Amino acid sequence: MTTGPAGESFDFDTRIDEILVRYEPGSVVHTAISKGRTYLHAAVERALDRLAVQPM
C-alpha cells in the first residue's frame, strides 16, 4: 500500500488517494479500499514498525 503501479514509492494516504482516483465510485475496488482504509492504514503502520526494528 506504499508502492504505485509503476513501482514508485508513496506514503499511505497518497497511494490510497491515487487508487480512488483510478477507480470510479461504486466499483468493487473503490468500495473495498474506501471501507478498508482504516484497517489498511493500521496494517501498513504495523509493517513499517516491524521493518524499523530489523537489523540491517
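R37 counts as partly exposed because its relative accessibility is 24%, where partly exposed lies between buried, under 20% relative accessible area, and exposed, over 50% (1.4 Å probe, protein chains only). The model is predicted, so local features need pLDDT of at least 70 and side-chain atom pairs count only at pLDDT 80 or more, while totals for chains, interfaces and linings use all residues. Residues are numbered from 1 along each chain as its sequence is written, and side-chain values use heavy atoms, with hydrogens and water left out.

R37 makes a good starting point for the salt bridges, of which the structure holds 4; each is a side-chain nitrogen of Lys or Arg within 4 Å of a carboxyl oxygen of Asp or Glu. The side chain of R37 meets that of D13 in one such bridge, at 3.2 Å from N to O. This pair links distant parts of the chain, 24 residues apart, with D13 in helix α1 and R37 in helix α2 (residues 28–52). D13 counts as partly exposed, at 39% relative accessibility. Together with D17, these two residues are linked in a network of salt bridges.

Helix α1 also holds salt bridges of its own, and here E18 takes part twice. With R15, the closest N and O atoms of the bridge are 2.3 Å apart, and the two residues are separated by about one helical turn because they sit 3 residues apart in helix α1. With R22, the corresponding distance is 2.4 Å, and the pair lies 4 residues apart in helix α1, about one turn of the helix. As for the partners, R15 counts as buried at 12% relative accessibility, whereas R22, at 44%, counts as partly exposed. V21, also in helix α1 (residues 12–22), counts as exposed at 71%.

Turning to the whole chain, the protein has 2 helices and 0 strands (DSSP runs, numbered from the N terminus: H or I of at least four residues for helices, E of at least two for strands). Its radius of gyration is 13 Å, well over the 10 Å that the globule rule gives for 56 residues, so the protein is more spread out than a compact globule; the radius is taken over C-alpha atoms, and the rule is 2.2 Å times the number of residues to the power 0.38. The C-alpha atoms fill a box of roughly 45 × 25 × 15 Å along the principal axes. Of the 56 residues, 23% count as buried.
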